[in-house]
Amino acid sequence: MKLLKCPICGADFSLIDKTLKCENNHCFDFAKEGYVNLLLSGKSGDDRGDNKEMARSRRDFLNSGYYAVLADAVGECVKKYTAEGDSVLDICCGEGYYTDYLSKRFQRDYYGFDISKNMVRLAGKRKCEASFFVANISSIPVKSSSVKLAFHLFAPFHAAEFGRILADDGVLVTAVPGKNHLYGLKSVLYNTPYTNDEKPPKADGLTLIDKVRVKSEVTLNGQQDINALFQMTPYYYHTPSEGMSRLEALDTLTTEIEFILYIYKKA
């Protein structure tokens, strides 16, 4: 837990039994699943982000390996830009799939956080070599200039905080949908499917140093996996009823997956 700082006063933590305690006596207890809640706004993260059902659905979908090509691509970045023991932070880690995947392949000091306690609870249950915590992306309880590599996959972008936590020689790996990402899914949902613009996020204070394209095709078998993928997308919130009916009638779905990794360093 050497990267973490107290979200109240910013002081360093000491680990005492199953509690993080700072010099000003602010204490945060670990849950039985092994994570710690460092979210200050609101009483808990239970009502933030995905609910329990959606969290489990996402976990089961990713565990099936449909996005393993993306995990491999992030792994190549970990291999290229870090060394054994360096700090790696999974920003908006969800249920911990990517950190779990990487921790089995590279010996690093892994951390992951999400605003959803439902997600982080599942991440903690993975029992991988990583420290998971609940926190807000706009105020990350991580020491300044302490992270060698942070990765950030399909989540809100906060350039100021990302730049603050990165080490001077650190990098940020962020993913956006490629041009044809999930075009097969969109062809079912919409009468006029569209491609993605691949626009990088606004990254003030960061310098783009590389761009990596990742492409593959997946076939989903059964409504459980199809619906899990659907729930992971923004289309879940604004799809017409006729499109949803077409999707619900499918037993299999084949679709392109395509990701763009943008890699940044401090400006």
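A crossover is called right-handed if, with the strands pointing away from you, the path from the first strand over the helix to the second runs clockwise. Keep that in mind for Exercise 1, and remember that this is a predicted model.

**Exercise 1. Find out which handedness the unit made by β8, α5 and β9 has, and how β8 and β9 run.**

Solution.
- Step 1: Locate the pieces. Strand β8 covers residues 147-153 and β9 covers residues 166-177, while helix α5 spans residues 159-165.
- Step 2: Check the pairing. Six bridges join β8 to β9, and the two strands run parallel. For a concrete example, pick L149: its bridge partner in β9 is V171.
- Step 3: Follow the path and apply the clockwise test. β8, α5 and β9 make a right-handed β-α-β unit.

**Exercise 2. Work out where β8 sits in the strand order of the open sheet, and whether its residues are buried or exposed.**

Solution.
- Step 1: Read the order of the eight strands: β4-β7-β6-β5-β8-β9-β11-β10, with mixed pairing. So β8 sits between β5 and β9.- Step 2: Look at the β5 side. Four bridges join β5 to β8, and this pair runs parallel. One match to look for is L89, whose bridge partner in β8 is A150.
- Step 3: Find the ends of the sheet. The edge strands are β4 (36-37) and β10 (206-221), and each of them pairs on one side only.
- Step 4: Judge burial, where buried means under 20% relative accessible area. Seven of the seven residues of β8 are buried, so the strand is largely enclosed by the rest of the structure.

**Exercise 3. Say which strands helix α4 touches, and which strands helix α7 lies across.**

Solution.
- Step 1: Start with α4 (residues 117-125). This helix packs on the sheet and touches β4, β6 (109-114) and β7 (130-134). Its direction makes about 165° with that of β7.
- Step 2: Move on to α7 (residues 223-231). This helix lies across β10 and β11 (252-266), and runs at about 155° to β10.

**Exercise 4. Find how many residues the largest nonpolar core has, and which residues L149 touches.**

Solution.
- Step 1: Count the core. The largest one has 44 residues, and those with the most contacts inside it include F61, Y98, L149 and F151.
- Step 2: See who contributes. Helix α2 (residues 68-81) supplies the largest share, eight residues.
- Step 3: Zoom in on L149. Leaving out residues up to four places away in sequence, L149 touches C77, V78, Y81, T82, S87, V88, L89, V171 and V173.
- Step 4: Don't stop there. Apart from this core lies another, of 34 residues, among them F28, V142, I165 and V176.

**Exercise 5. For the salt bridges of E95, E161 and E198, name each partner and say where the two residues of each pair lie.**

Solution.
- Step 1: Take E95. Its side chain meets that of R58 in a salt bridge (3.7 Å, N to O). E95 is in the loop between β5 (87-91) and α3 (97-103), while R58 is in helix α1 (residues 52-63), 37 residues apart. At 0% relative accessibility, E95 counts as buried.
- Step 2: Take E161. The partner is R164, with the closest N and O atoms 2.7 Å apart. These two are separated by about one helical turn because they are three residues apart in α5.
- Step 3: Take E198. The partner is R213, at 2.8 Å from N to O. This pair links distant parts of the chain, with E198 in the loop between α6 (183-189) and β10, and R213 in strand β10, 15 residues apart. E198 is buried at 13% relative accessible area, whereas R213 counts as partly exposed at 40%.
- Step 4: Widen the view. The whole structure has 14 salt bridges, and R58, E95, D100, K104 and R126 are linked in a network of them.

Note on methods: Residues numbered from 1 in each chain as written. Predicted model: local features only at pLDDT ≥ 70, side-chain atom pairs only at ≥ 80, totals over all residues. Heavy atoms only, no water. Core = buried A, V, L, I, M, F, W, Y, C linked by side-chain atoms within 4.5 Å. Buried < 20%, exposed > 50% of the residue type's maximum accessible area, 1.4 Å probe, protein only. Contact = heavy atoms within 4.5 Å. Pairing = 2+ DSSP bridges. Axes fitted to C-alpha atoms, helices over the stretch in contact; angles between N-to-C directions. Salt bridge = Lys/Arg side-chain N within 4 Å of Asp/Glu carboxyl O.
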